[in-house]
Amino acid sequence: MDLRIFTEPQQGADYDTLLTVARAAEELHFDAFFRSDHYLSMGSADGLPGPTDAWITLAGLARETSRIRLGTLVTAGTFRLPGVLAIQVAQVDRMSGGRVELGLGAAWYEAEHRAYGIPFPPERGARLEEQLAIVTGLWNTAPGDTFDFDGTYYRLEKSPALPKPLQERVPVVVGGRGTKRTPRLAATYADEFNMAFAPLADTEAQFGRVRGAAVAAGRAPDDLVYSSALVACVGRDDAEVARRAAAIGRDVAELKADGLAGTPDEVVERIAAFQAIGCSRIYLQVLDLDDLDHLELISSRVMPQLGG
């Protein structure tokens with residue numbers, strides 16, 4: 001079971017804070033550091049000092065870390081043209097020595113689009129399909145060849161399809177709860193399917209749909225990694241769990257039902273339930289980025305019980 005750290009910087013974090021967390025995650029042997037791609041805070045958070053751009057952040061981290069993998073969960077398809085995104089991700093992959101992964105989604109948070117003047121078209125799912133085809137198509141184009149695409153929303157003519165990532169294949173993550181388009185897109189373009197903040201039964205059902213779509217696309221279902229994203233709130237005892245839950249404004253009972261909350265042993269048991277349905281990677285949503293002891297506890301008391 002891979003454990004990855006997943007942050008939500010739009011709630012209030014500058015680059016230095018993210019660098020501190022990423023370095024701690026690397027030193028504590030987590031598999032990866034991922035971040036969301038949002039420009040506006042949610043709920044009651046003031047978001048100070050203001051948003052950081054996902055790919056600018058990852059470019060910086062690429063040069064200031066050495067082992068940990070880096071990525072987005074997920075990049076908003078509305079924020080960047082697909083050709084530009086392919087260039088950005090390829091460049092950051094080279095800057096990192098080949099440690100980048102791309103989560104790409106259709107975008108959902110309309111308020112941030114209004115706040116920063118970003119178009120929020122109604123046909124985002126259909127646009128996402130073309131975006132995935134373009135980004136992967138550009139990377140897969142042989143050196144010296146050109147890439148053309150004539151879609152409903154995007155048109156590329158004689159693109160040199162440069163630069164190439166350092167990795168032979170940048171892992172692409174697709175996620176979501178849609179029952180038809182989402183499994184098909186994952187089966188067609190993704191290396192990993194992610195189900196975020198969903199109950200165990202819903203996660204199992206969606207994994208099954210993706211597996212079925214993979215078979216229909218001529219792929220072995222186990223070609224994909226199946227992952228979950230869950231809020232983490234781990235404490236040495238009930239009092240510490242309660243303190244950490246209060247710090248992020250959440251209820252302990254709700255976190256135990258819907259996330260990864262409790263003592264290390266309780267969390268290991270919960271992870272085992274996800275592992276039993278085929279999940280091999282969990283993104284731990286860490287909301288209090290100043291609490292590095294939280295990461296240390298997970299590393300020292302949870303990770304060893306998972307064989308990692």
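Which residues does Phe120 touch, not counting residues up to four places away in sequence? In this predicted model, Phe120 touches Ala107, Trp108, Tyr109, Glu110 and His113. The residue lies in the loop between helix H4 (110–116) and helix H5 (124–140). Phe120 counts as partly exposed because its relative accessibility is 21%, and buried means under 20%. Phe120 and Phe6 are 114 residues apart in sequence. In space, 25 Å separates the two, C-alpha to C-alpha.

The chain as a whole was examined next. Its secondary structure comes to 11 helices and 12 strands. The radius of gyration is 19 Å, close to the 19 Å that the globule rule gives for 308 residues, so the chain is as compact as a globular protein of that length. Along the principal axes, the C-alpha atoms fill a box of roughly 60 × 45 × 35 Å. Of the 308 residues, 54% are buried. Contacts across the sequence were also counted. Among those between residues at least 6 apart in sequence, 72% join residues at least 24 apart.

The surface and the charges complete this overview. The chain exposes about 13,200 Å². Carbon and sulfur atoms supply 51% of that area. The chain carries 31 positive and 43 negative charges. The mean positions of the two sets are 5 Å apart.

Aromatic rings were then considered. The structure holds 7 aromatic pairs. One of them joins Phe193 and Phe207: the ring centres are 6.2 Å apart and the planes stand at 85 degrees, so the pair is edge-to-face. This pair links distant parts of the chain. Phe193 belongs to strand S9 (residues 192–196), whereas Phe207 sits in helix H7, 14 residues apart from it in sequence. Both Phe193 and Phe207 are buried. Elsewhere, Tyr39, Phe79 and Tyr116 form one aromatic cluster.

Helix H7 (residues 200–216) also holds Thr203. Is Thr203 buried or exposed? Thr203 counts as buried because its relative accessibility is 0%, and the cut-off for buried is under 20%. Which residues surround it was examined as well. Leaving aside neighbours within four places in sequence, Thr203 is in contact with Met195, Ala198, Ser228, Phe274 and Ile277. Among these partners, Met195 falls within the residue range of strand S9 (residues 192–196). Helix H7 thus holds two buried residues described here, Thr203 and Phe207.

Key
Residues numbered from 1 in each chain as written. Predicted model: local features only at pLDDT ≥ 70, side-chain atom pairs only at ≥ 80, totals over all residues. Heavy atoms only, no water. Helix = DSSP H or I, 4+ residues; strand = E, 2+ residues; numbered from the N terminus. Rg over C-alpha atoms; globule rule 2.2 N^0.38 Å. Buried < 20%, exposed > 50% of the residue type's maximum accessible area, 1.4 Å probe, protein only. Contact = heavy atoms within 4.5 Å. Areas by Shrake-Rupley, 256 points an atom, 1.4 Å probe, with all protein chains shown as cover. Lys, Arg positive; Asp, Glu negative; His and termini not counted. Charge placed at Lys NZ, Arg CZ, Asp CG, Glu CD. Phe/Tyr/Trp six-rings, centres within 6.5 Å; stacked < 30°, edge-to-face > 60°.
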